[in-house]
Amino acid sequence: AEARAKGKSSSSSSKSSSKSEKASGSGNSSGGGSDKDVVVLTDDDDLVLGSDDLWLVEFYAPWCGHCKKLEPEWNKAATELKGQVKLGKVDATVHSSLGSRFGVQGYPTIKMFPPGKKSDSKAEAYNGGRDASSIVQYAQEKKAQYKPIPEVSQLLNSDSFDKLCDQKQTICILAFLPHIYDSSAAERNGYIDVLKEVSKSNRAQPLNFFWSQGGDQQALEEALNLGSGYPSLVAVSLQKKKMGTLISSFSKKNIDSFINGLVLGKETLYDLREKPKIVKVKAWDGKDQQPAAETDEL
């Protein structure tokens with residue numbers, strides 16, 4: 001439930017009291033916990049709209065009972081989300097132009113501003129629960145939704161592999177594709193497109209994606225016990241020294257299912273005895289290639 005905005009007399013009377021409270025959350029600092037992690041906002045919208053961060057902003061009124069009830073939950077959520085999502089609050093009776101600008105008709109109103117380039121039209125109303133756990137869950141879901149899609153890169157050297165795969169909680173998805181001599185540019189791009197779609201649909205997960213031409217990383221393939229031909233796909237956790245292999249055919253549906261099984265702990269995992277050795281290889285030029293023709297010599 002929300003309290004409807006009062007008339008001008010109530011708004012003007014609240015301005016002086018609101019200004020005297022430096023960081024009064026929703027107008028009731030007693031019993032509301034610390035709001036040290038909540039950003040107090042004013043008419044200067046650049047702090048939010050000029051930021052690359054994801055923001056949740058509460059529009060409140062000091063006299064609003066529902067706002068006072070929300071305050072400790074808002075403060076708690078801000079602390080839990082510190083460093084991930086920014087939470088702000090603005091007294092819409094003092095900064096009434098902001099309330100009008102974002103269609104605030106009752107208090108409290110919460111708006112989500114997605115990460116990256118922002119505009120008024122991108123602000124999204126939050127209609128979920130008013131407890132800290134619901135607010136935190138919503139913020140984390142939105143952060144995952146707007147997370148950049150991991151790139152699908154060719155495995156060219158150990159530096160790129162170590163940088164993206166040797167991280168805490170990270171799973172590296174390694175696809176081994178047929179050698180270009182045994183395939184074609186069109187077929188290879190088809191496999192890569194599947195990986196890109198998988199990357200997009202699993203962007204919320206801590207994944208990074210590489211592909212390698214079959215035979216280019218022989219030591220790596222041996223360490224991963226590959227022997228079923230190409231294309232093959234293996235998930236590797238260097239931190240946990242574990243690996244899992246896709247045993248079904250190479251398709252988006254099957255790879256999505258495989259990744260879901262990994263996340264839920266339902267896939268069979270094997271020990272990764274030592275860190276795989278990665279050699280430097282030449283980047284694919286995107287073209288078809290044929291082996292050099294043999295010549296008969298006396």
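Mentor: Let's start with a definition: a residue is buried under 20% relative accessible area, exposed over 50%, and partly exposed in between. Keep in mind that we are looking at a predicted model.

Trainee: Then what makes Trp63 count as partly exposed?

Mentor: Set the value against the cut-offs. Trp63 has 23% relative accessibility, and partly exposed is the class between 20% and 50%, so Trp63 belongs there. You will find Trp63 in the loop between strand 3 and helix 3.

Trainee: Tyr107 is its ring partner, I think. Is Tyr107 buried or exposed?

Mentor: Tyr107 comes to 6% relative accessibility, and the limit for buried is under 20%, so Tyr107 is buried.

Trainee: Why is the pair of Trp63 and Tyr107 called edge-to-face?

Mentor: There are two checks. Ring centres must lie within 6.5 Å to make a pair, and planes over 60 degrees apart count as edge-to-face. The centres of Trp63 and Tyr107 are 5.7 Å apart and their planes stand at 80°, so the pair passes both checks and is edge-to-face.

Trainee: What makes this pair a tie between separate parts of the chain?

Mentor: Look at where the partners sit. Trp63 is in the loop between strand 3 (55–60) and helix 3 (65–80), while Tyr107 is in strand 5 (residues 106–107), so the pair links parts 44 residues apart in sequence.

Trainee: How many aromatic pairs does the count give?

Mentor: The count comes to seven aromatic pairs. Another of the edge-to-face kind joins Tyr191 and Phe250, with 5.4 Å from centre to centre and 80° between the planes. Tyr191 lies in helix 7 and Phe250 in the loop between strand 12 (242–245) and helix 9, so this pair ties together parts 59 residues apart in sequence.

Trainee: How do you know whether Tyr191 and Phe250 are buried or exposed?

Mentor: We use the cut-off of under 20% again. Tyr191 has 16% relative accessibility, so Tyr191 counts as buried. Phe250 has a relative accessible area of 16%, so Phe250 is buried too.

Trainee: Which residues form an aromatic cluster?

Mentor: Phe59, Phe102 and Phe113 form one aromatic cluster.

Trainee: And what makes Arg188 count as lying over the ring of Trp284?

Mentor: Arg188 lies over the face of Trp284, at 4.7 Å from the ring centre. The distance limit for a charge over a ring is within 6 Å, and the charge must also be within 35 degrees of the ring normal.

Trainee: Let's turn to the sheet. Why are strand 8 and strand 13 said to stand at the edges?

Mentor: Six strands form an open sheet with mixed pairing, in the order 8-10-9-11-12-13. Strand 8 (152–154) and strand 13 (270–271) each have a single partner strand, so one side of each has no neighbour in the sheet.

Trainee: How do you know that strand 9 and strand 10 pair, and in which sense?

Mentor: A pair needs at least two bridges, and strand 9 and strand 10 have seven, in the parallel sense. Ala175 stands opposite Trp211 in strand 10. Strand 8 also pairs with strand 10 in the parallel sense, over three bridges, and Ser153 stands opposite Phe210.

Trainee: What makes the sheet's pairing mixed, then?

Mentor: Strand 9 (residues 171–177) and strand 11 (residues 232–237) pair in the antiparallel sense, over five bridges. Within that pair, Ile173 has Ala235 as its bridge partner. Parallel and antiparallel pairs sit together in this sheet, and that is what mixed refers to.

Trainee: What makes strand 10 a mostly covered strand?

Mentor: Seven of its seven residues are buried. Leu207, Phe209, Trp211 and Gln213 are on one side, with Asn208, Phe210 and Ser212 on the other. Helix 7 (residues 185–201) lies across strand 8, strand 9, strand 10 and strand 11, at about 170° to strand 10.

Trainee: Which residues have the most contacts inside the largest nonpolar core?

Mentor: They are Leu195, Trp211, Leu233, Phe250 and Ile255, in a core of 22 residues. Helix 7 gives the largest share of this core, five residues. Leu233 touches Leu195, Phe250 and Ile255, among others.

Conventions. Residues are numbered from 1 along each chain as its sequence is written. This is a predicted model: local features need pLDDT of at least 70, side-chain atom pairs count only at pLDDT 80 or more; totals for chains, interfaces and linings use all residues. Side-chain values use heavy atoms; hydrogens and water are left out. Helices (H or I, at least four residues) and strands (E, at least two) are DSSP runs, numbered from the N terminus. Contact means heavy atoms within 4.5 Å. Axes are lines fitted to C-alpha atoms, for helices over the stretch in contact, and angles run from 0 to 180 degrees between N-to-C directions. A nonpolar core is a set of buried Ala, Val, Leu, Ile, Met, Phe, Trp, Tyr and Cys residues joined through side-chain atoms within 4.5 Å. Buried means under 20% relative accessible area, exposed over 50%, partly exposed in between (1.4 Å probe, protein chains only). Rings of Phe, Tyr and Trp (its six-membered ring) pair if their centres lie within 6.5 Å; planes under 30 degrees apart count as stacked, over 60 as edge-to-face and the rest as tilted. Lists of a residue's contacts leave out its neighbours within four places in sequence.
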